[in-house]
There are 2 protein chains.
Amino acid sequence: MSEKYEKLKTLLGEVADLNYATAILGWDQQTYMPAGGAEARGNQLATLGRITQIKFTSDEIGKLLDDLQKEFADADPDSDEARLIKVTKHDYDQATRVPPDFVAEFAMVTTRAHEAWVEARSKSEFSVFQPHLEKVVEMGKQFVSFFPPADHPYDVLLDQFEPGMKTADVKEIFGILRPKQVELIQAISSSKQVDDSFLRLDFEEQKQWDFGVDVVTKFGYDWKRGRQDKSTHPFTTSFSINDVRITTRFEPNSGASALFSTMHEAGHAMYDQGSKQDFERTPLAGGASLAVHESQSRMWENLVGRSLPFWKHFYPRFQELFPEQVGNVDLMTFYKGINKVQPSLIRVEADEATYNMHIMLRLEMEIGMIEGTIDIKQLPEIWNTKMEEYLGVIPPNAARGVLQDIHWSSGLMGYFSTYALGNLISAQLWEKINQDIPNLQDQIQSGKFETLLGWLREKIHVHGRKFEPQELVQKVTGSKIDPTAYLKYLNDKYSQIYGF
Amino acid sequence: MSEKYEKLKTLLGEVADLNYATAILGWDQQTYMPAGGAEARGNQLATLGRITQIKFTSDEIGKLLDDLQKEFADADPDSDEARLIKVTKHDYDQATRVPPDFVAEFAMVTTRAHEAWVEARSKSEFSVFQPHLEKVVEMGKQFVSFFPPADHPYDVLLDQFEPGMKTADVKEIFGILRPKQVELIQAISSSKQVDDSFLRLDFEEQKQWDFGVDVVTKFGYDWKRGRQDKSTHPFTTSFSINDVRITTRFEPNSGASALFSTMHEAGHAMYDQGSKQDFERTPLAGGASLAVHESQSRMWENLVGRSLPFWKHFYPRFQELFPEQVGNVDLMTFYKGINKVQPSLIRVEADEATYNMHIMLRLEMEIGMIEGTIDIKQLPEIWNTKMEEYLGVIPPNAARGVLQDIHWSSGLMGYFSTYALGNLISAQLWEKINQDIPNLQDQIQSGKFETLLGWLREKIHVHGRKFEPQELVQKVTGSKIDPTAYLKYLNDKYSQIYGF
């Protein structure tokens, strides 16, 4: 390999180390850090952010990239080398537009916003978080201003998480989805309702923890290269291809919600653990985009974890662990219960039929805040109004309403849509997987997931960030992101459960 | 304040952030990191180490320090500003002698050495650790070579932890201590032995944990600015004056050892939590030296935690928690039991009368390794021979012998003596404290520690690294480090317990 290429990899390795160090500080902040450490942590993250930005946006890297693009002009465009240069060049162009001082200030602002959010949420007082959110939005607008004018300012934010995706594209996909999902929700609500009262009971935390660990171990989550902790909001974070951690949370009377959260995060984590080892300490480690990432987490959580074959295997053990709660609940009743459709308050606990409605609401909020058409002070009220309009439910307080998600407190704007896009991709992949592995459902019913994980490793995980999301979906399924498969999946599943 | 001074503080703030980030990565490495993360963590620590070194040893900081020394030539030499410049200048001179590549390599080598040590210790196989230790020693010699020739090469290593202390000084102090401690140990062994069989029982981990938490909470350890976790070897680490963490460990059948470890680490932690808040993100935060640090941990562990007044207060609760183990053991029997003198294998579990013998052994090993007069392959054998000579006991395996301490695996050479010096200082301070607070023993007997902590805060903690260790001890007690007080303390205590 050329000397310049090796030099680039050395420099990118340092940048990766700094990014991973930042991730470790962030993980600690959300799992174990005492409150007193918050201010110092803000300084530390700001300093690391600034140094990382300076290192990555150096003229040296810029020059190397220019030279290497010429050097590799005739190389196989799908080779790791050509793709490393391409992906890095894209990241570099994105990063050089954002001044280091902005990055440092953003780290500081979001550290404080996160602390405020934790307090606001525990007190259920939006006013505690409001000034911090205003600052985050202000900085979001400032961020947009660093980029060339787009069709819509929100495009710039979306593009950070879903390269190439436009606000108009997402609105169009959602435009197809919305009426079909509303139709589906109506069909369901006109049908005989299913019982899930047994899920409202208290499930012992330790047993939920152990069961979840057992399940994701069978999935193939590698504990030698990961671990699970508790946090306010579950998340996955990587400190290497070989240290990918998940968190979960327990909430009283919410049945097996921690289990589904653990499956979800393990789905993300297995994706990151599956990057080609050669990609360690390079920008190619990780996932193609947030939507593709979400396709993995939602697949393990829903397409696998809420399926009948899955529970045919695991339910006897589950009943053994929780005899008081589900000892007298038969498999089909349980299966229907965990798939009950009911418009509800909390996004992460929403069922598959209503989930996307939560996303649509947030997308409108974010677009409104960035456009400046929403007064942030009014956010809880607007939130509640939209919740009633979309889902017919009104949050009793801010903690279960506008304050439920961590994203804005971390400065994540433009992120939410990727959840819905991830659902669509998961169903597209699922169709293809079931063609390629005809007896997959039998395997799942036997508690075997090696073939499934193997397929995902080979088709998706191993590529890391090498391919763009649309490119990858096209490559694997033969078409771009498309809502058809997901709508078919929802209709098949719920018509069976609700009998319409 | 001058513009240059503010500029220096800004640059030192960044360096502090990087050092704290490194500490967080180190804490995670020893508490929660999965094995798979080890190699990446080595890279991350190496990169952070290199960047920190480059930042701190920059010409810009060197020039600022030179200019500021002139600017502050007539300032009060004990002002925070003058001391900040002095301490930083000393650190700078130390650091500029060590090349960045060495620092990075050292981080990598010690990360691997640490992993190897964990494995070697669990298998009790020195050979697993040996090549790593050889490399660490080789790098120790290389480190020495960066400095001007000293009276003894080991002086350079000692000076890192105990500024101004010479190998010859320590040998002299140990020369006075050794015969007196041997005499004391002989007087004890000729006396009627005390019973501590009740400490060899199993004490439930969670109850030990809770009791330890209760005790150090009463001491004044601030949990809003700290936390406790488990690790193979207990330690204290700071990520800010306001985030100072401790770890502890539980070993089967070792009675309340975790409790004493918790008190010890809390002693360190309260010192770091007590730095003047103005010192945050400056080199003045922290402790004067490792010996002064150890004087704090040993004071809370031994002078407080193994005293009769302390247990007059806490014993009823302890008996309540552990009725099977100590329900029928009266206070005096318990008190004598926890102060039992018995030459033993493990340094961190050694009693006060024999502890320094463990240090002398390690000091001789380190000097031998650095001089090259000890063949590292022979270390387990030499260790065992010396253990027999000094303490009359022979380790049954390497895990309980040469592999017991984490220090060498972390590259810490020159460190051990500071433990013994800390004992001496703790007794010197204790004499002074008891003069200043005549009813201290009564307060301890009532479970009150505010006055004691207040005294330490005011006389020791608040100064951080402002004063050199000898200077600080002189300032507070009226004399330099001196073994007299410690020997008197040992004789008074053990003649009472053993009746000689």
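Copies in this predicted model are superposed by least squares on the C-alpha atoms of residues with pLDDT of at least 70 in both. On this basis, a turn of 180° combined with a shift of 0.0 Å along the axis lays chain A on chain B with an RMSD of 0.0 Å. The two copies are thus related as by a two-fold rotation axis. Within chain A, Ala21(A) has the C-alpha nearest this axis, at 3.6 Å from it. Both copies use the same surface, since 100% of the contact residues of chain A recur in chain B.

Chain A also contains an open sheet of three strands, arranged in the order β1-β3-β2 with mixed pairing. The edges of the sheet are occupied by β1 (228-230) and β2 (236-238) of chain A. Each of these two strands has a single partner strand, so one side of each is left without a neighbour in the sheet. From one strand to the next, the twist averages 30°.

The pairing of β1(A) with strand β3 of chain A, which spans residues 244-248, is parallel and extends over three bridges. In this pairing, Gln228(A) lies opposite Ile246(A) of β3(A). The sheet is also packed against by helix α9 of chain A, formed by residues 205-219. This helix touches both β1 and β3 of chain A, and the direction of α9 makes about 150° with that of β1(A). In chain A, β1 is thus an edge strand with a single partner strand, paired in the parallel sense with β3(A) and touched by helix α9.

How values were computed
Residues numbered from 1 in each chain as written. Chains lettered and ligands numbered in written order. Predicted model: local features only at pLDDT ≥ 70, side-chain atom pairs only at ≥ 80, totals over all residues. Heavy atoms only, no water. Contact = heavy atoms within 4.5 Å. Pairing = 2+ DSSP bridges. Helix = DSSP H or I, 4+ residues; strand = E, 2+ residues; numbered from the N terminus. Axes fitted to C-alpha atoms, helices over the stretch in contact; angles between N-to-C directions.
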